[in-house]
Amino acid sequence: MRTFIAIELEPELRRPLVRLLRESLPPSRDVRWCNENQLHLTLKFLGEVRDAQLAAVCEVAAAAAATVAPFPISLCGLGGFPGPGSPRVLWCGVDDPTGGCQRWVSAADPRLAALGFEREQRAFKPHITLGRSRSPAGARVFRDVLQSVPPPQTGTMNVTHVIVFESRLLPRGAEYHPLASIPLGTPSR
């Protein structure tokens, strides 16, 4: 099954993003906008995980979570990957003032590599994906958004756990199903 580990957004962060998606982002056949059920902060995308590996993945996620106390995050601006000149992904940035996301990633990545999952080569940048471009015209839509749409105003949420998700690819888009919820700051047994 396709699997990733992420932070699920509480309503105070989700609501302004849903409002942004519904009211401020232009409809375009050249862009696939996320729906509100797809909004999350990915810590690690694993790809295909065999059923026999799932328990070990959850153990690694728990071991990494045990090293990180709960921490605050908030939203902080819009951006694009790989860059604002020709973005293929539009995202909302996440302010992580205590570095909790990075600490979890740093603790999990070598353990996941030992299970055979590739280490991330790019620097970790906490963000929430809002849309993906389907063509060069989609990149133009994203550039226009970055120049004209103000970032969402939001409060802060306290991250208390990470979730191991299954991603099911369907014709109407991906659906995410939680497989395990793992509290932060709790030593694994």
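This is a short chat about the helices, sheet and salt bridges of a predicted model.

Colleague: Start with the sheet. How many strands form it, and in what order?
Modeller: Five strands form an open sheet. The order is S2-S6-S5-S4-S7, and the pairing is antiparallel.

Colleague: Which are the edge strands?
Modeller: S2 and S7. Each of them pairs on one side only.

Colleague: And what does the twist average from one strand to the next?
Modeller: The twist averages 35° from one strand to the next.

Colleague: How many bridges join S4 to S5?
Modeller: Six, with the two strands running antiparallel. Take Leu-75: its bridge partner in S5 is Val-94. Likewise, Gly-80 stands opposite Leu-90 in S5.

Colleague: What about S5 to S6?
Modeller: Five bridges there, and again the strands run antiparallel. Gly-93 has His-127 in S6 as its bridge partner.

Colleague: Is S5 largely enclosed or open, and why?
Modeller: S5 is largely enclosed by the rest of the structure, because six of its seven residues are buried.

Colleague: Switch to helices. Where is H1, and what length should it span?
Modeller: H1 covers residues 11–23. At 1.5 Å a residue, its 13 residues should span 18 Å. The end C-alpha atoms are 17 Å apart, which agrees.

Colleague: Which residues in H1 are buried?
Modeller: Leu-13, Arg-14, Pro-16, Leu-17, Val-18, Leu-20 and Leu-21.

Colleague: What covers them?
Modeller: The cover includes strands S1 (2–8), S2 (31–33), S4 (71–81), S5 (89–95), S6 (127–133) and S7 (156–159).

Colleague: Back to the S4 to S5 pairing for a second. How many bridges was that?
Modeller: Six bridges join them. H1 packs on that sheet, touching S2, S4, S5, S6 and S7. The direction of H1 makes about 20° with that of S4.

Colleague: And which strands does H4 touch?
Modeller: H4, residues 136–148, packs on the sheet and touches S2, S4, S5 and S6. Its direction makes about 55° with that of S2.

Colleague: New topic: how many salt bridges does the count come to?
Modeller: The count comes to four salt bridges. One of them joins Arg-22 and Glu-36, with the closest N and O atoms 2.4 Å apart.

Colleague: Which parts does that pair tie together?
Modeller: Arg-22 lies in helix H1, and Glu-36 is in the loop between S2 and strand S3 (40–48), so the pair links parts 14 residues apart in sequence.

Colleague: Buried or exposed, those two?
Modeller: Arg-22 is exposed, at 63% relative accessible area. Glu-36 is partly exposed, at 31%.

Colleague: What does Asp-109 form a salt bridge with?
Modeller: With Lys-44; the closest N and O atoms are 2.9 Å apart. Asp-109 sits in helix H3 (residues 100–114) and Lys-44 in strand S3, so this pair ties together parts 65 residues apart in sequence.

Colleague: Are Asp-109 and Lys-44 buried or exposed?
Modeller: Asp-109 is buried, with a relative accessible area of 11%. Lys-44 is buried too, at 7%. The cut-off for buried is under 20%.

Colleague: What do the side chains of Arg-168 and Glu-166 meet in?
Modeller: A salt bridge, at 3.4 Å from N to O. Arg-168 is partly exposed, with a relative accessible area of 38%, whereas Glu-166 is buried, at 15%.

Note on methods:
Residues numbered from 1 in each chain as written. Predicted model: local features only at pLDDT ≥ 70, side-chain atom pairs only at ≥ 80, totals over all residues. Heavy atoms only, no water. Helix = DSSP H or I, 4+ residues; strand = E, 2+ residues; numbered from the N terminus. Expected span 1.5 Å × (residues − 1). Buried < 20%, exposed > 50% of the residue type's maximum accessible area, 1.4 Å probe, protein only. Contact = heavy atoms within 4.5 Å. Pairing = 2+ DSSP bridges. Axes fitted to C-alpha atoms, helices over the stretch in contact; angles between N-to-C directions.
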